[in-house]
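This briefing covers two packing arrangements, one between helices and one in a sheet. Please look over the sequence and the structure before reading the points.

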Amino acid sequence: MRNAFPRTWKATWGARPDLAARPSREPAVGGLSGNDMMGDMVGDGSSAVYMIDAEGVIIGWSPSAEELFGYRAAEVVHRPSGLLLGGDGEAGMRAWLSAYGDDDSWAGITELRHRDGSPIAVRHEGDRFSGGAREGWVMRATPLCDLAELRGSLLESLVGHIPVAMAVWNLDLRLVWLNKAAERLRNVFPHYELGRSLDEPLPGVDVEVPRRAMRRLLADGTPQLDRETRWKAPDGSEARTLSTSVYRLDGLNGRPLGICTMAIDISSSVARDQLAVIREASIRVGTTLDIRKTAQEMADLAVPALADFITVDLAESVLLDEDAQQRPQGDGPRVPVFRRAGVASGRDGLPESVHAVGEPIFVGEDSPVARALATGRPHCEWVLDKSPGNWLAGDRRRARVVMDTGMHSLMVVPLRARGETLGTTLLARHDNPVSFTPDDLVVAEELATRAALSLDNALRYTRERTTALALQRDLLPRNLRGGKGVEVASRYLPSGTRGGVGGDWYDAIPLEDGRTAVVVGDVSGHGINAAAAMGRMRTAIRALASVGMSPEEVLAHLDDHVVRQAQENGVVDGLPITVIGATCVYAVYDPVTRRCVMAAAGHPPPVLVDPSGEARLVDLPSGTPVGLGFGAYQAVELDLAPGSTLALYTDGLIETRERDLDAGMERLRTVLEGCSRPLESACAEVVEGMVGMGGGRPAEDDIALLLARTHA
């Protein structure tokens with residue numbers, strides 16, 4: 001790059017601009033006559049000329065060489081030229097001759113040494129000569145600082161104006177040259193300033209990674225190509241993504257001279273943007289198991305990265321609408337009815353959408369959507385057909401929107417998962433003048449595939465949750481009665497998290513002798529299996545209570561029943577049945593003696609509120625959950641005054657991520673104090689006081705609460 005380097009190389013690379021041009025007082029010496037050989041060694045005014053023989057020994061030395069290197073002729077002639085290389089010059093000279101000794105001419109950039117040891121970066125050229133018994137090379141060394149003064153060459157124009165940011169750094173990682181493209185990146189990379197070193201810290205700029213990489217490159221010479229990096233302006237006003245390549249500049253003697261960096265701004269790369277959409281889809285689509293939210297996440301991601309307008313329409317069966325609207329009457333058959341689940345636009349007010357979210361979508365069979373559904377493959381109109389008689393002719397509303405918005409390119413992609421079509425997504429462009437391409441379709445298909453899988457997961461979860469909720473509600477008592485001596489009220493609140501419906505249950509069982517049994521339990525696990533296990537345990541407790549067993553006996557027999565049932569079921573389809581255990585608390589109240597006997601199986605203790613409103617936790621041995629096979633439980637007897645209230649509950653009421661069981665039980669005791677209001681109102685206020693204090697967030701686990709108040 002003869003003409004590409006500015007004057008800054010003088011100071012940075014150690015050239016000797018301070019040496020004034022002066023004639024040498026020492027005659028040229030050597031085996032060749034000065035008149036015969038040195039007379040032609042005049043250079044071009046900026047080059048130092050000298051001669052070496054076939055062994056690399058200096059045999060001629062010009063005044064220009066003395067000016068550049070500081071040696072007088074008497075000090076160098078008959079000496080190996082390796083002295084100009086510094087360090088182990090002899091080894092360098094041998095390597096030099098081995099590489100270029102058979103060439104008639106050669107040229108390249110290398111680093112030579114001044115007499116005082118300072119480095120001089122030069123363009124080194126050699127031309128073979130033969131004179132009698134002697135042969136060797138005429139050498140010309142042109143300092144790079146002088147080469148930079150030769151303006152107007154084609155090479156400088158190309159390097160200086162190409163859109164690739166190029167920069168050259170010396171061995172101290174100080175910038176010695178850069179082109180205009182690099183100057184334009186100075187806002188995000190302030191070290192693009194002549195004379196500045198990467199070792200000089202700048203506020204808000206962290207260059208530790210490139211500094212480490214460039215030091216490693218100087219040591220091993222291994223280039224780094226096409227590394228994507230992101231840089232931000234220190235004030236945050238601008239950010240650029242660059243594809244960077246870094247390689248070492250070596251001289252003819254193999255020694256490193258510095259480093260060249262090349263950076264291409266790919267911030268607006270179409271391919272990169274497309275990959276970013278796919279990458280973001282794995283993060284932003286399917287964050288919840290809510291079908292409608294997943295559809296909207298897909299729409300929000302695609303605009304404006306891929307399209308100016310997008311709709312996501314799902315089949316009514318996917319949305320599980322209970323009141324599916326009837327299809328309107330019309331001529332000809334219609335495709336299945338969909339509902340709009342997601343929509344996004346680059347324009348305010350969604351002017352492109354003729355249907356709001358939640359509205360039914362009726363699609364004619366000749367439309368692009370119908371064609372995509374019929375084939376199961378995407379349908380694309382790279383240039384939207386707006387000619388008379390096309391598919392828009394039968395849909396005036398859509399035709400008007402297409403014309404008004406300037407829509408010109410369209411893609412329709414089916415949303416399919418596990419062989420089932422869940423819906424379609426339509427992508428259109430109007431503000432972006434560039435039509436969709438096959439590469440855009442690849443991105444749209446990938447986005448649709450990921451969205452469809454998320455929708456399918458949400459659909460399966462919703463269906464299972466709906467089934468489990470229905471099963472649980474059927475198994476829980478609908479008309480709770482406490483008998484003659486006790487008034488009861490209850491609340492059940494299903495979980496609002498991904499865990500699904502649990503196996504919480506409650507019951508009040510009037511016994512034949514006038515006593516009343518109350519129970520609250522919590523089956524481990526979630527889903528249909530937990531709900532079914534809850535139903536079996538509730539039935540078993542009712543049966544055990546009817547034969548007059550005490551609370552500790554009821555729990556012991558329930559524990560044995562759960563274990564025995566698991567053993568009898570054994571293995572199903574080659575897989576062992578997992579024992580589903582439970583915690584519960586069971587109490588029996590006798591209105592005649594006003595005695596209450598209770599026992600617990602790994603369950604939080606009840607809270608007793610006396611008629612004065614003072615609340616306390618019952619000191620009740622917790623025991624082990626049922627289903628473990630231990631079957632040893634202890635009962636506690638209490639005297640209940642008229643108007644006393646007993647609160648039984650599951651841990652979902654008291655335990656959250658921010659609050660442990662002990663803190664939750666203390667909170668519940670505080671909420672229950674002064675609980676003299678009607679039980680139904682008290683139930684609602686307890687749940688609100690325990691769960692509603694989180695700002696309306698859904699319950700993290702199922703909640704069952706039963707309040708039993710003794711009659712006066």
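How many bridges join strand 19 to strand 22? In this predicted model, eight bridges join strand 19 (residues 516-526) to strand 22 (residues 582-590), and the two strands run antiparallel.

**Sheet**

- Strands 18, 19, 22, 23 and 26 form an open sheet in the order 18-19-22-23-26, with antiparallel pairing.
- The edges are taken by strand 18 (502-510) and strand 26 (635-639); each has a single partner strand, so one side of each is left without a neighbour in the sheet.
- From one strand to the next, the twist averages 15 degrees.
- Ala517 has Val588 of strand 22 as its bridge partner.

**Helix on the sheet**

- Helix 15 (residues 528-546) packs on the sheet and touches strand 18, strand 19 and strand 22.
- The direction of helix 15 makes about 20 degrees with that of strand 18.

**Helix pair**

- Helix 10 (residues 291-302) and helix 14 (residues 438-475) have axes that come within 9 Å and cross at roughly 165 degrees.
- Angles over 145 degrees count as roughly antiparallel, and helix 10 and helix 14 are therefore roughly antiparallel to each other.
- The crossing of these two helices is right-handed.
- On the helix 10 side, the contact is made by Ile291, Thr294, Ala295, Met298, Leu301 and Ala302.
- On the helix 14 side, the contact residues are Leu447, Ala448, Ala451, Ser454, Leu455, Ala458, Leu459 and Thr462.
- By class, this contact of helix 10 with helix 14 has 11 nonpolar residues, three polar ones and no charged ones.

Methods. Residues are numbered from 1 along each chain as its sequence is written. This is a predicted model: local features need pLDDT of at least 70, side-chain atom pairs count only at pLDDT 80 or more; totals for chains, interfaces and linings use all residues. Side-chain values use heavy atoms; hydrogens and water are left out. Axes are lines fitted to C-alpha atoms, for helices over the stretch in contact, and angles run from 0 to 180 degrees between N-to-C directions. Helices (H or I, at least four residues) and strands (E, at least two) are DSSP runs, numbered from the N terminus. Angles under 35 degrees count as roughly parallel, over 145 as roughly antiparallel, 65 to 115 as roughly perpendicular and the rest as oblique. A crossing is left-handed if the near helix is turned anticlockwise from the far one by less than a right angle, and right-handed if clockwise. Contact means heavy atoms within 4.5 Å. Ala, Val, Leu, Ile, Met, Phe, Trp, Tyr, Cys and Pro count as nonpolar, Asp, Glu, Lys and Arg as charged, and the others, Gly among them, as polar. Two strands pair if DSSP finds at least two bridges between them.
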